[in-house]
Amino acid sequence: LPAKTDEFIWVLDASSGIVFKVEVPANFPEDAQTEDYEDFLEANLPNDIRLKDCDWMIGIGGVVTIHRDRYHLGF
């Protein structure tokens, strides 16, 4: 399915620590409810990933990488 160019569902699998970026199809309803997104994710996540172990959010495709040379230790 063609994807929307700027909308993704970011999924964090808590059991493995893996983050997935799932493309939202272009024909996905604009007025979709939470249940619609959950059904879509359950149908499109890898077989060994359970949605109940995941946190997810809808966002854009941009990613910002933060690199720190020194960590703040509180003193």
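A residue counts as buried here when its relative accessible area is under 20%. Tyr-37, at 9% relative accessibility, therefore falls in the buried group. Keep that cut-off in mind as you look around this predicted model. The protein chain has 75 residues, and 27% of them count as buried. Here's a quick tour, starting with the overall layout and then moving on to the rings, the core, the charges and a few single residues.

**Overall layout**

- The protein chain contains one helix and three strands.
- Follow the sequence from start to end and you'll meet these elements in the pattern β-β-α-β.
- Take the contacts with a separation of 6 or more: residues 24 or more positions apart make up 49% of them.
- The accessible surface of the protein chain is about 6000 Å², and carbon and sulfur atoms account for 52% of that.

**Aromatic rings**

- Searching the whole structure turns up three aromatic pairs.
- One of them joins Tyr-37 and Trp-56 in a tilted arrangement, with 6.0 Å from centre to centre and 40° between the planes.
- That pair ties together distant parts of the chain, since Tyr-37 belongs to helix 1 (residues 34–44) and Trp-56 to strand 3 (residues 54–59), 19 residues apart.
- The two partners don't get equal cover: Tyr-37 is buried at 9% relative accessibility, while Trp-56 is partly exposed with a relative accessible area of 24%.
- Zoom out a little and you'll find one aromatic cluster made up of Phe-28, Tyr-37, Phe-40 and Trp-56.
- Another ring worth a look is that of Phe-8, where the charged end of Lys-21 sits over the ring, 4.5 Å from its centre.

**The nonpolar core**

- In soluble globular proteins, nonpolar side chains tend to be buried together.
- In this model, the largest nonpolar core has 14 residues, and the members that touch the most others are Ile-9, Val-11, Phe-20, Val-22, Phe-28, Leu-41 and Leu-45.
- Strand 1 (3–13), strand 2 (18–25) and helix 1 are the elements that give two or more residues to this core.
- Val-22 is a handy place to start exploring: apart from its neighbours within four places in sequence, Val-22 is in contact with Phe-8, Ile-9, Val-11, Phe-40, Leu-41 and Leu-45.

**Charged side chains**

- Side chains of opposite charge can pair when their charged atoms come close.
- The structure has one salt bridge.
- In that bridge, the side chains of Arg-50 and Asp-53 meet at 2.7 Å, N to O.
- Both ends of the bridge are partly exposed: Arg-50 has a relative accessible area of 47%, and Asp-53 has one of 21%.
- Glu-7 is a charged residue to check in strand 1, and with a relative accessible area of 17% Glu-7 counts as buried.
- Setting aside neighbours within four places in sequence, the contacts of Glu-7 are Glu-23, Val-24, Tyr-37, Ile-58 and Gly-59.

**Two more residues to find**

- Val-19 sits in strand 2, and its relative accessible area of 51% makes it exposed.
- Beyond the neighbours within four places in sequence, Val-19 is in contact with Trp-10, Val-11 and Leu-12.
- Val-19 and Asp-55 lie 36 residues apart in sequence, and their C-alpha atoms are 9.6 Å apart in space.
- Ser-16 is found in the loop between strand 1 and strand 2, where it counts as partly exposed at 41% relative accessibility.
- The C-alpha atoms of Ser-16 and Ile-49 are separated by 8.9 Å, although the two residues are 33 residues apart along the chain.

Conventions. Residues are numbered from 1 along each chain as its sequence is written. This is a predicted model: local features need pLDDT of at least 70, side-chain atom pairs count only at pLDDT 80 or more; totals for chains, interfaces and linings use all residues. Side-chain values use heavy atoms; hydrogens and water are left out. Rings of Phe, Tyr and Trp (its six-membered ring) pair if their centres lie within 6.5 Å; planes under 30 degrees apart count as stacked, over 60 as edge-to-face and the rest as tilted. Helices (H or I, at least four residues) and strands (E, at least two) are DSSP runs, numbered from the N terminus. Buried means under 20% relative accessible area, exposed over 50%, partly exposed in between (1.4 Å probe, protein chains only). A charge sits over a ring if NZ of Lys or CZ of Arg is within 6 Å of the ring centre and within 35 degrees of the ring normal. A nonpolar core is a set of buried Ala, Val, Leu, Ile, Met, Phe, Trp, Tyr and Cys residues joined through side-chain atoms within 4.5 Å. Contact means heavy atoms within 4.5 Å. A salt bridge is a side-chain nitrogen of Lys or Arg within 4 Å of a carboxyl oxygen of Asp or Glu. Accessible areas come from the Shrake-Rupley method with a 1.4 Å probe; for residues, only the protein chains shown count as cover.
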